[in-house]
Amino acid sequence: TGQTALFDVAWSPDGQTLATAGGDKTIRLWDTQTGAQRLTLVGHEDDVLGVDFNPDGSKLASSSADQSIILWDVSTALDTGVARHQPLQTFKGHTSFVWDVLFSPDGRYLASASGDATARIWDVDSGEIVARLKHGHPVADIAWSHSGNILASTSDDGVVYLWDVSSHKLVGVLTGHQGGVWSVTWSPDDARLATAAADGLL
C-alpha cells in the first residue's frame, strides 16, 4: 500500500472502495476491483488509527494518535479524481490517542474511543460533543447496536460498558475477562455481544 503500517481498514457501503488507516499519517482509498489507489487523504499529524464510512458512503471519518477525528467528503473527492483532499471538519476534545471512530447506523453521530478513558458521541453536522462517557481506564473499542440505541465500549479494565444513547446513561456492565477487552461486536439481532480480550478468551 505504500503506508508504513496499517492500523485499520473499512469497506465503503457499496463495496467499491477500501479505506486504510496508516502509520504515515494518511488515509488511502483503494479501488476494490483493480487494487489501484484512488485517493490520499492528508490532514492528521500522527498515526491514523481508525476509519469508518457513513451509511451512504459519501463521508469518511478517521481517528488518530494526534487526538483528533477528521470528517472527509469522499464522494466529491472521488468524483473529481483529485490526488489529495482537504478535511471537511475536525473534531477535537480528546486528550489522548483516539483508537477508533464509528458512525451511528443513521449517520447522524460519531462515537470515538480514546486512551483518555472516555468514549464520546459527536454530532456529525455541528461537530459538537453530545456525550462524554467516562471510564476508569483507557477505552479500547466501541460498537453501536444495529438499532443505534445502545453503544458498547470496552476498556483496559476487562469490562464492557453499555450506554443508552438517548440518555447517555450507563445501562449495563459486563464482566468476566481478566485482561483488557480489545474488541466488541453485536450479533445481528442485538441480543448478544462478542468480545476479544488480552486473557485469550472470547
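In which sense do β16 and strand β17 pair, and over how many bridges? In this predicted model, β16 and β17, the latter made of residues 170-174, pair in the antiparallel sense, and four bridges join them. One of the residues involved is Tyr 161, whose bridge partner in β17 is Val 173. Between the two strands of this hairpin lie five residues, and in the hairpin His 168 takes a positive phi near 65°.

A further set of strands can be followed earlier along the chain. Four strands form an open sheet in the order β10-β11-β12-β13, with antiparallel pairing. At its edges stand β10, residues 98-103, and β13, residues 129-134, each of which pairs on one side only. From one strand to the next the twist averages 15°. Within this sheet, strand β11 (residues 109-114) is paired with strand β12 (residues 118-123) in the antiparallel sense over five bridges, and Tyr 109 has Asp 123 of β12 as its bridge partner.

From the strands we can turn to the nonpolar residues. In soluble globular proteins, nonpolar side chains tend to be buried together. Here the largest nonpolar core has 16 residues, of which Ile 121, Leu 133, Ile 142, Trp 144 and Leu 151 touch the most other members. Two or more residues of this core come from each of β11, β12, β13, β14 (139-144) and β16. A second, separate core holds 14 residues, including Ala 21, Leu 29, Trp 72 and Val 74.

Ile 142 offers a closer view of the surroundings of one core residue. When its neighbours within four places in sequence are left aside, Ile 142 is in contact with a series of residues, among them Asp 100, Val 101 and Leu 102, as well as Ala 111, Ser 112 and Ala 113. Further contacts of Ile 142 include Ala 119, Leu 151, Ala 152, Ser 153 and Val 184.

Some of the elements already met return in the description of the largest pocket, which has a volume of about 330 Å³. This pocket is lined by 17 residues, and those closest to its centre are Leu 102, Phe 103, Pro 105, Ala 143 and Trp 144. At least two residues of the lining are supplied by each of β5 (48-53), β10, β14 and β18 (181-186), and the largest share, four residues, comes from β14. Strand β14 thus appears twice in this account, since it gives two or more residues to the largest nonpolar core and also supplies part of the pocket lining.

Notes
Residues numbered from 1 in each chain as written. Predicted model: local features only at pLDDT ≥ 70, side-chain atom pairs only at ≥ 80, totals over all residues. Heavy atoms only, no water. Pairing = 2+ DSSP bridges. Axes fitted to C-alpha atoms, helices over the stretch in contact; angles between N-to-C directions. Core = buried A, V, L, I, M, F, W, Y, C linked by side-chain atoms within 4.5 Å. Buried < 20%, exposed > 50% of the residue type's maximum accessible area, 1.4 Å probe, protein only. Contact = heavy atoms within 4.5 Å. 1 Å grid on protein atoms, 1.4 Å probe; cavity = no way out; pocket = protein on both sides within 12 Å on 5 of 7 lines; lining within 4 Å. Points joined across faces, edges and corners; volume = space filled by probe spheres on them.
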